[in-house]
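Open the model in your viewer and keep the selection panel at hand. The tour below moves from strand pairing to core packing.

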Amino acid sequence: MRAAARTLDFTQPVAVMMLDILGNVADSDQPGPAQIVDRFSSAIPSGSYLVLNDSVVTPETVDAVQTARRGGADYHLRTPEQLAGFLDGLETVEPGVVPTPLWRPEPGSRPAALNVYCGVARRP
């Protein structure tokens with residue numbers, strides 16, 4: 001946050017976008033994903049937004065993660081409910097935590113759902 005403050009004016013609302021980041025952090029890590037989100041959401045001023053986007057647990061993503069782990073990668077899938085829990089204490093923007101293509105799609109479009117979910121929340 002100190003480095004960001006050299007560029008951003010934290011007396012004004014900002015947006016923090018955590019895109020495909022939390023899956024790289026195990027729940028047992030210190031700090032864990034919930035603590036990381038809390039550090040950012042606590043540091044941003046009222047009126048700021050936090051965006052989360054990450055893969056979720058499905059049979060397909062579990063298989064892909066197991067394959068990646070055999071190659072040395074370490075990724076941690078979570079449920080949509082767990083991702084939504086990271087936004088506790090903030091005002092979740094409609095439509096909530098949903099498959100990324102379904103978060104406010106273009107009117108008249110019919111995007112396919114993915115195994116990647118996102119949510120946007122505002123700091124009151």
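**Strands around E5**

Start with strand E3, residues 91-92: 2 bridges join E3 to E5, and the two run antiparallel. Keep in mind that this is a predicted model. Now pick Glu91; its bridge partner in E5 is Arg122.

Next, select strand E4, residues 98-99. E4 also pairs with E5 in the antiparallel sense, over 2 bridges. Show Pro99 and look across to Tyr117 in E5, which stands opposite.

Move to E2. E2 and E5 are antiparallel too, paired over 7 bridges. Val51 is the residue to click here: Val120 in E5 stands opposite Val51.

Is E5 itself enclosed or open? Colour E5 by accessibility: 5 of its 7 residues are buried, so E5 is largely enclosed by the rest of the structure.

**The largest core**

Select Met18, Val37, Leu50, Leu52 and Leu87. These have the most contacts inside the largest nonpolar core, which has 18 residues. Then add the elements that each supply at least two residues of this core, namely strand E1 (15-19), helix H2 (33-43), strand E2 (49-55) and strand E5 (116-122).

Which residues does Met18 touch, leaving aside those up to four places away in sequence? Ile36, Val37 and Phe40 are on the list, along with Leu50, Val51, Leu52 and Asn53.

**A second core**

Finish with Val51, Val98, Trp103 and Val120. They are among the 6 residues of a second, separate core. Val51 and Val120 are the pair seen earlier, standing opposite each other.

Definitions and conventions: Residues numbered from 1 in each chain as written. Predicted model: local features only at pLDDT ≥ 70, side-chain atom pairs only at ≥ 80, totals over all residues. Heavy atoms only, no water. Core = buried A, V, L, I, M, F, W, Y, C linked by side-chain atoms within 4.5 Å. Buried < 20%, exposed > 50% of the residue type's maximum accessible area, 1.4 Å probe, protein only. Helix = DSSP H or I, 4+ residues; strand = E, 2+ residues; numbered from the N terminus. Contact = heavy atoms within 4.5 Å. Pairing = 2+ DSSP bridges.
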